[in-house]
Amino acid sequence: MSAPDRALWSALPLPALVLSETGRVLQINPAAEGFFNISTRNAHGLELWSLLGAEAPPGAGLVRARSAPLFITDVDVRAGHREQVRCSLSIAALGSDDGSLLAVMTPRETIGRQMQGASARSAIGMTDMLAHEIKNPLAGITGAAQLLAMSSNEGDRALTDLIVGESRRIAALLDQVERFGNPAPPDLRRVNIHDVLSRARRSAQLGFASHMRIIEEYDPSLPDALGDPDMLQQVLQNLMRNAAEAALPDGGTIRLRSWFEQGAQLRGNGGIGAPLPLQVEVVDDGPGVSADLRDSLFEPFVSGRTDGTGLGLAIAARVMADHGGCIAVTSEPGRTAFCLSLPLAGGAR
């Protein structure tokens with residue numbers, strides 16, 4: 001590691017770890033030493049999940065990270081001898097010949113920190129209150145504009161239609177904010193993921209993706225997933241909408257894939273659950289995600305579009321975490337792929 005690289009590594013404020021291709025610690029930065037209350041020397045050789053205070057999963061859980069960045073939300077990490085800390089975990093290949101990986105922890109909240117929890121609840125409560133208070137007069141504005149349109153000439157109707165359209169757009173945005181602040185728990189049940197994909201595809205093809213070609217590549221022998229079909233459909237439609245909005249003006253192709261990946265498993269003390277062998281992928285041939293957005297793509301209010309809310313992918317990441325699953329993205333010009341990994345329904349193969 002060069003002197004500038006060592007300086008950057010030491011200055012990085014987030015706990016970071018360099019891992020071997022089998023998931024064992026090779027090096028940790030000073031922030032990780034303080035976070036885990038362990039020295040680099042003592043951490044060397046430890047298995048990642050053991051250091052995190054999680055159940056030890058098979059090494060196959062890191063296979064995906066070698067080819068595409070992996071983002072896992074809401075992992076409860078045992079930070080040294082201190083209380084649990086809820087984190088997001090990002091794992092990506094370093095691009096070196098030895099197959100080493102970089103893992104970065106982003107602490108979310110410390111379990112038991114009452115002041116921090118109260119502040120978060122207060123912020124969410126304020127968001128909900130504002131959304132509710134704005135939606136009430138907005139409904140009145142929409143209704144008044146519709147009444148005016150009934151007695152207006154053609155020129156004035158264009159203005160009232162604009163008022164109605166923009167009011168509905170704002171109301172839809174407020175709905176997203178409310179859902180993000182107060183997510184409903186998933187109604188987990190046995191679900192045929194291909195039925196969910198078909199509903200999402202039909203809705204997209206008749207609406208926002210009518211200018212796109214949609215190709216289905218499904219594994220017909222795929223067993224049932226454990227999930228909430230409505231929430232999973234929302235996630236898939238969000239991903240397809242992003243693909244359609246990123247497409248070139250003359251359209252493009254969205255490819256929907258499903259397959260079974262034996263041994264795929266990620267596990268931790270909260271955000272990670274059962275094995276995740278069911279893989280669903282939404283692939284588009286658009287320009288790709290800019291490099292400066294990839295590491296924060298699933299954070300709220302991060303968007304690559306000037307008119308984007310930045311909530312669609314954040315909601316998708318939260319829904320997948322609530323399912324005990326995960327979402328990952330790999331992107332380059334001409335190919336962006338979002339992959340959902342889901343657990344099996346009980347009793348499936």
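This is a short talk on how one chain is put together, starting with the whole and ending with single residues.

Keep in mind throughout that we are looking at a predicted model. The chain has 349 residues, and 44% of them are buried. Its secondary structure consists of 11 helices and 12 strands. If we take the contacts with a separation of 6 or more, 64% of them join residues 24 or more positions apart.

Let me begin with the core. The largest nonpolar core has 43 residues, and Ile254, Phe298 and Ile327 have the most contacts inside it. Which elements give two or more residues to this core? From the helices there are H8, H9 and H11, the last covering 312-322. From the strands there are E9 at 253-260, E10 at 278-284, E11 at 326-332 and E12 at 335-342. H9 provides the largest share, 8 residues. There is also a second, separate core of 28 residues, and among its members are Ala43, Trp49, Val75 and Val85.

Back in the largest core, look at Ile327. Leaving out residues up to four places away in sequence, Ile327 touches Phe71, Leu239, Phe298, Ala316, Ala317, Met320, Phe338, Cys339 and Leu340.

Next, the helix packing. Two packed helices are described by the angle between their axes and by the distance between those axes. I have two pairs to show, and H9 is in both.

The first pair is H8, residues 193-206, with H9, residues 229-246. Their axes are 9 Å apart and the packing angle is about 45 degrees. That angle makes H8 oblique to H9. The crossing of H8 past H9 is right-handed. On the H8 side, the contact is made by Ile193, Val196, Leu197, Arg199, Ala200, Arg201, Ser203 and Ala204. On the H9 side, the residues are Pro229, Leu232, Gln233, Leu236, Gln237 and Met240. Sorted by class, this contact of H8 with H9 has 9 nonpolar, 3 polar and 2 charged residues.

The second pair is H9 with H11, where the angle is about 145 degrees and the axes are 10 Å apart. What is the handedness of the crossing of H9 and H11? It is left-handed. H9 contributes Met231, Leu232, Gln234, Val235, Asn238, Leu239 and Asn242 to the contact, and H11 contributes Gly312, Leu313, Ile315, Ala316, Val319 and Met320. The contact of H9 with H11 has 9 nonpolar residues, 4 polar and no charged. Leu232 of H9 is listed in the contact with H8 and again in the contact with H11.

H11 itself is mostly covered, with 9 of its 11 residues buried. The buried ones are Gly312, Leu313, Ala314, Ile315, Ala316, Ala317, Val319, Met320 and Ala321. Just after H11 comes Gly324, with a positive phi of about 75 degrees.

A positive phi also turns up at Asn37, at about 55 degrees, although Asn37 is not a glycine. Asn37 sits in the loop between H2, residues 30-36, and H3, residues 40-43.

H2 also holds Phe35. Is Phe35 buried or exposed? Its relative accessible area is 9%, which is under the 20% limit, so Phe35 counts as buried. Phe35 and Pro15 are 20 residues apart in sequence, and their C-alpha atoms are 6.7 Å apart in space.

Three more residues to finish. Ser100 is in the loop between E4, residues 84-93, and E5, residues 101-110. Ser100 is a buried residue, at 6% relative accessibility. Not counting residues up to four places away in sequence, Ser100 touches Val18, Leu19, Ser20, Glu21, Leu26, Ala93 and Leu94.

Thr142 is part of H6, which runs over residues 114-150. Thr142 is buried too, with a relative accessible area of 13%. Leaving aside neighbours within four places in sequence, Thr142 is in contact with Val164 and Ser167.

Last is Glu332, in strand E11. Glu332 has a relative accessible area of 48%, so this residue is classed as partly exposed. Glu332 and Asp285 are 47 residues apart along the chain, with 9.2 Å between their C-alpha atoms.

Key: Residues are numbered from 1 along each chain as its sequence is written. This is a predicted model: local features need pLDDT of at least 70, side-chain atom pairs count only at pLDDT 80 or more; totals for chains, interfaces and linings use all residues. Side-chain values use heavy atoms; hydrogens and water are left out. Axes are lines fitted to C-alpha atoms, for helices over the stretch in contact, and angles run from 0 to 180 degrees between N-to-C directions. Helices (H or I, at least four residues) and strands (E, at least two) are DSSP runs, numbered from the N terminus. Angles under 35 degrees count as roughly parallel, over 145 as roughly antiparallel, 65 to 115 as roughly perpendicular and the rest as oblique. A crossing is left-handed if the near helix is turned anticlockwise from the far one by less than a right angle, and right-handed if clockwise. Contact means heavy atoms within 4.5 Å. Ala, Val, Leu, Ile, Met, Phe, Trp, Tyr, Cys and Pro count as nonpolar, Asp, Glu, Lys and Arg as charged, and the others, Gly among them, as polar. A nonpolar core is a set of buried Ala, Val, Leu, Ile, Met, Phe, Trp, Tyr and Cys residues joined through side-chain atoms within 4.5 Å. Buried means under 20% relative accessible area, exposed over 50%, partly exposed in between (1.4 Å probe, protein chains only).
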